[in-house]
Amino acid sequence: MKMQKEMRKFCPKCKTHTVQSVALYKKGKDRIVAEGARRHAEDKKGYGGQKFPELKRTAKTTKKMTLRYTCKTCQYKTMKEGLRIRKLEI
């Protein structure tokens with residue numbers, strides 16, 4: 001699906017409709033020393049194996065794309081869970 005690079009959208013900081021640039025949100029790198037990651041590694045360690053059953057195959061063929069809007073006037077960023085599509089072209 002093709003999408004425009006800029007669109008007029010409501011900015012909650014400016015409290016008006018402004019021109020905002022659209023980008024695809026990318027997840028940052030996971031921290032290995034995070035509490036949740038350490039706890040999960042502890043659960044997997046030793047006999048007994050996985051705490052929850054490991055997912056053998058995925059049910060869905062697509063993922064929801066998250067869009068990140070950046071206001072051109074104040075640089076305020078808002079995110080919106082977008083459509084469930086295979087490929088997004090901006």
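**Exercise 1. Overall dimensions**

Determine how the radius of gyration of the protein in this predicted model relates to that of a compact globule of 90 residues.

*Solution.* Step 1: the reference value for a compact globule of 90 residues is near 12 Å. Step 2: the protein itself has a radius of gyration of 19 Å. Step 3: along the principal axes, the C-alpha atoms occupy a box of roughly 55 × 30 × 15 Å.

**Exercise 2. Burial, surface and contacts**

State what share of the 90 residues is buried, and what share of the exposed area carbon and sulfur atoms supply.

*Solution.* Step 1: a residue counts as buried when its relative accessible area is under 20%. Step 2: 17% of the 90 residues are buried. Step 3: the protein exposes about 8,100 Å², and 53% of this area comes from carbon and sulfur atoms. Step 4: the contacts considered are those between residues at least 6 apart in sequence; of these, 47% join residues at least 24 apart.

**Exercise 3. Charge distribution**

Find how far apart the mean positions of the positive and negative charges are.

*Solution.* Step 1: the protein carries 27 positive and 8 negative charges. Step 2: the mean positions of these two sets lie 8 Å apart.

**Exercise 4. Secondary structure and pairing**

Give the order of helix and strands along the sequence, and the sense in which β3 and β4 pair.

*Solution.* Step 1: the protein contains one helix and four strands. Step 2: read along the sequence, these elements follow the pattern β-β-α-β-β. Step 3: the pairing of β3 with β4 is antiparallel and extends over seven bridges. Step 4: within this pair, Thr 70 is placed opposite Lys 77 of β4.

**Exercise 5. Positive phi in the loops**

Locate Lys 15 and Gln 75 relative to the strands, and describe the backbone of each residue.

*Solution.* Step 1: Lys 15 belongs to the loop that connects β1 (6-11) with β2 (16-24). Step 2: although Lys 15 is not a glycine, its phi is positive, at about 60 degrees. Step 3: Lys 15 has a relative accessible area of 62% and is therefore exposed, the cut-off for this class being over 50%. Step 4: Gln 75 sits in the loop between β3 (63-71) and β4 (77-85). Step 5: this loop belongs to the hairpin of β3 and β4, with five residues between the strands. Step 6: Gln 75, also a residue other than glycine, has a positive phi near 60 degrees.

Notes
Residues are numbered from 1 along each chain as its sequence is written. This is a predicted model: local features need pLDDT of at least 70, side-chain atom pairs count only at pLDDT 80 or more; totals for chains, interfaces and linings use all residues. Side-chain values use heavy atoms; hydrogens and water are left out. Helices (H or I, at least four residues) and strands (E, at least two) are DSSP runs, numbered from the N terminus. Buried means under 20% relative accessible area, exposed over 50%, partly exposed in between (1.4 Å probe, protein chains only). The radius of gyration is taken over C-alpha atoms; the globule rule is 2.2 Å times the number of residues to the power 0.38. Contact means heavy atoms within 4.5 Å. Accessible areas come from the Shrake-Rupley method with a 1.4 Å probe; for residues, only the protein chains shown count as cover. Lys and Arg count as positive and Asp and Glu as negative; His and the chain ends are not counted. The place of a charge is taken as NZ of Lys, CZ of Arg, CG of Asp or CD of Glu. Two strands pair if DSSP finds at least two bridges between them.
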